[in-house]
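Subject: A structure for you to look at

Hello,

Here is the structure I promised to pass on to you. Have a look at it first, and then read on for what I found.

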Amino acid sequence: MFRFFKSLLGNSTRPDYAALLAAGAIVVDVRTPEEFRMGHIQQSVNIPLQTLSHKMGELAKKKKVIITVCRSGSRSGMAKNMLQRAGLEAYNGGAWTSFQQYTK
């Protein structure tokens with residue numbers, strides 16, 4: 001299964017987010033609940049960075065690629081690293097406002 005996703009990525013340094021989403025990737029917004037309420041990607045799930053470690057098992061059970069987003073890309077980068085260290089396939093989508101172009 002992961003070989004399929006790697007083939008979607010090709011040699012590009014940036015993943016083909018639209019293809020990952022079409023294949024069922026989950027968008028995890030790691031901002032605070034307050035920030036999330038002010039605006040977010042419709043299909044995203046809000047798991048604040050501070051609580052992400054407690055949700056690893058739940059995310060692993062889904063057996064899906066995870067794309068992290070936040071306000072600027074900094075927290076989502078930290079979240080991506082945490083997820084990858086836990087053995088999950090994860091990508092940093094950066095700022096949610098920029099990433100929403102892939103969800104349309």
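Is the crossing of helix 4 and helix 5 left-handed or right-handed? Keep that one in mind while I introduce the chain; I come back to it below.

Please remember that this is a predicted model. The protein chain has six helices and four strands, and read from the N terminus its elements follow the order α-α-β-α-β-α-β-α-β-α. The chain has 104 residues, of which 44% count as buried. Among contacts with a separation of 6 or more, 60% are between residues 24 or more positions apart.

**Helix 4**

A good place to start is helix 4, which covers residues 52-62. Its buried residues are Leu-52, Met-56 and Leu-59. Viewed down the helix axis, the buried residues of helix 4 fall within an arc of 90°, so they line one face of the helix. His-54 and Lys-61 are exposed, and they sit on the face of helix 4 turned away from the buried side.

What do the buried residues of helix 4 pack against? Their partners are strand 1 (26-29), strand 3 (66-70) and helix 5 (74-85). Just after the end of helix 4 comes Lys-63, with a positive phi near 50°.

**Helix 4 and helix 5**

Now back to the opening question: the crossing of these two helices, helix 4 and helix 5, is right-handed. On the helix 4 side, the contact is made by Leu-52, Ser-53, Met-56 and Leu-59. On the helix 5 side, Ala-79, Met-82 and Leu-83 take part. Leu-52, Met-56 and Leu-59 thus appear here again, having already been listed as buried in helix 4.

The axes of the two helices come within 11 Å and cross at roughly 50°. Why are helix 4 and helix 5 called oblique to each other? Angles under 35 degrees count as roughly parallel and those from 65 to 115 as roughly perpendicular, and a crossing at roughly 50° fits neither range, so helix 4 and helix 5 are oblique.

**Glu-89 and Tyr-91**

Further along the chain, Glu-89 is in the loop between helix 5 and strand 4 (90-95), while Tyr-91 lies in strand 4. Is Glu-89 buried or exposed? Glu-89 counts as buried because its relative accessibility is 11%, with buried meaning under 20%. Tyr-91 is buried too, with a relative accessible area of 14%.

The side chains of Glu-89 and Tyr-91 make a polar contact with each other, at 2.6 Å. Tyr-91 can also be placed relative to Ser-76: the two are 15 residues apart along the chain, and their C-alpha atoms are separated by 8.6 Å.

**Gly-94**

The last residue I would point you to is Gly-94, also in strand 4. At 13% relative accessibility, Gly-94 counts as buried. Which residues does Gly-94 touch, leaving aside those up to four places away in sequence? They are Thr-68, Val-69, Cys-70, Gly-73 and Ser-76. For Gly-94 and Arg-71, which are 23 residues apart along the chain, the C-alpha atoms are separated by 7.5 Å.

If you open the model, you could begin with the buried face of helix 4, move on to its crossing with helix 5, and finish with Gly-94 in strand 4.

Best wishes

Note on methods: Residues numbered from 1 in each chain as written. Predicted model: local features only at pLDDT ≥ 70, side-chain atom pairs only at ≥ 80, totals over all residues. Heavy atoms only, no water. Buried < 20%, exposed > 50% of the residue type's maximum accessible area, 1.4 Å probe, protein only. Arc of directions from axis to C-beta. Contact = heavy atoms within 4.5 Å. Polar contact = N/O pair within 3.5 Å; in protein donor to acceptor, adjacent residues only side chain to side chain. Axes fitted to C-alpha atoms, helices over the stretch in contact; angles between N-to-C directions. Parallel < 35°, antiparallel > 145°, perpendicular 65-115°, else oblique. Left-handed = near helix turned anticlockwise from the far one by under 90°.
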